Amino acid sequence: WVHDVGRKGLSQDGRPVCLSVVRDRAADVSMRERLKREVAGNRQQSDSYNELFQSVMCGIVQYWLYHDGTVEFVRANREAIRIFGYTSDSFWSKKQWNLMSLVAEEDREMIRSELGTLKESGDEKGYEYRLLRQDGTPCWIIGTARVLSTHDDKCLIQSVYLDVDQRK
């Protein structure tokens, strides 16, 4: 592979000549092809991960928790959305959520207290409480919340939980 740039010109004695610069592009083309293969491989890995993320039988959510008590969901699998009592479209159409409105009133103070301990990356807390579904009915869940990272006035938290309502 080469790259050729040229133009027509005249020599000093008036004859037409072609002035040309040729550059070997074999390494560039080889690198581009390797990157395409890597991107395709990464896409395949990402698709496999996403399928695994969606197919597990526990709810998994990642969300930004803001100091004012609101949350913004970044990722949620199908099971998490089902436990919340939403359809996928209605869940994702809601951008900001009031975290305490997702918790049964009887459990709010305990959750508020537990959240106060999640401040730095790596902090983790187990929990069991009644989540309020979209229709207002409570659903017992058990799980863990872990801080993945912190930025300014917010924490990125990942929660993994199970619907244990039937057992309760």
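**Exercise 1. Cysteines**

How far is the sulfur of Cys 139 from the closest cysteine sulfur, and which residue holds that closest sulfur? Work out, too, how many disulfides there are.

*Solution.* Keep in mind that you are looking at a predicted model.

- Step 1: start at Cys 139 and look for the closest cysteine sulfur, which belongs to Cys 58, 14 Å away.
- Step 2: hold that against the cut-off, since a disulfide needs two cysteine sulfur atoms within 2.5 Å. The gap of 14 Å is too far for a bond.
- Step 3: the count comes to 0 disulfides.
- Step 4: check the surroundings. Cys 139 has 0% relative accessibility, so it counts as buried, whereas Cys 18 is exposed at 61%.

**Exercise 2. Walking across the sheet**

Find the order of the strands in the open sheet of 6 strands, and name the edge strands.

*Solution.*

- Step 1: go across the sheet and you get β5-β4-β3-β8-β7-β6, with antiparallel pairing.
- Step 2: look for strands that pair on one side only; these edge strands are β5 (97–98) and β6 (124–132).
- Step 3: take β7 (residues 138–151) and β8 (residues 154–163), which run antiparallel and are joined by 10 bridges. For a single example, Ile 141 has Asp 163 in β8 as its bridge partner.
- Step 4: add the helix on top. Helix α4 (residues 108–115) lies across β3 (59–66) and β6, and runs at about 155° to β6.

**Exercise 3. A closer look at β3**

Decide whether the residues of β3 are buried or exposed, and describe how the strand pairs with β8 and β4.

*Solution.*

- Step 1: count the buried residues, and you reach 8 of 8 in β3.
- Step 2: split them by face. Gly 59, Val 61, Tyr 63 and Leu 65 are on one side, with Ile 60, Gln 62, Trp 64 and Tyr 66 on the other, and both faces are covered.
- Step 3: turn to β8, which pairs with β3 in the antiparallel sense over 8 bridges. Here Leu 65 stands opposite Cys 155.
- Step 4: now try β4, joined to β3 by 5 bridges and also antiparallel. Gln 62 stands opposite Arg 75 in this strand.
- Step 5: follow the chain from β3 to β4. The two form a hairpin with 3 residues between them, and Gly 69 in the turn has a positive phi of about 90°.

**Exercise 4. Rings and charges**

Describe the ring pairs Phe 73–Phe 84 and Tyr 86–Trp 97, then find the cluster that holds these residues.

*Solution.*

- Step 1: begin with the total, which is 12 aromatic pairs.
- Step 2: Phe 73 and Phe 84 have ring centres 5.6 Å apart and planes at 80°, an edge-to-face pair. Phe 73 is in strand β4 (residues 70–76) and Phe 84 in helix α2 (residues 78–84), 11 residues apart. Phe 73 is buried at 11%, as is Phe 84 at 4%.
- Step 3: for Tyr 86 and Trp 97 the centres are 5.2 Å apart and the planes at 70°, so this pair is edge-to-face. Tyr 86 sits in the loop between α2 and α3 (88–93), while Trp 97 belongs to β5. Tyr 86 is buried at 16%, and Trp 97 at 1%.
- Step 4: put the pairs together. Ring pairs link Tyr 63, Phe 73, Phe 84, Tyr 86, Phe 91, Trp 92, Trp 97 and Tyr 161 into a cluster.
- Step 5: finish with the charges. The charged end of Lys 94 sits over the ring of Trp 97, 4.5 Å from its centre, and Lys 154 lies over the face of Trp 64 at 4.4 Å from the ring centre.

How values were computed. Residues are numbered from 1 along each chain as its sequence is written. This is a predicted model: local features need pLDDT of at least 70, side-chain atom pairs count only at pLDDT 80 or more; totals for chains, interfaces and linings use all residues. Side-chain values use heavy atoms; hydrogens and water are left out. Two strands pair if DSSP finds at least two bridges between them. Helices (H or I, at least four residues) and strands (E, at least two) are DSSP runs, numbered from the N terminus. Contact means heavy atoms within 4.5 Å. Axes are lines fitted to C-alpha atoms, for helices over the stretch in contact, and angles run from 0 to 180 degrees between N-to-C directions. Buried means under 20% relative accessible area, exposed over 50%, partly exposed in between (1.4 Å probe, protein chains only). Rings of Phe, Tyr and Trp (its six-membered ring) pair if their centres lie within 6.5 Å; planes under 30 degrees apart count as stacked, over 60 as edge-to-face and the rest as tilted. A charge sits over a ring if NZ of Lys or CZ of Arg is within 6 Å of the ring centre and within 35 degrees of the ring normal.
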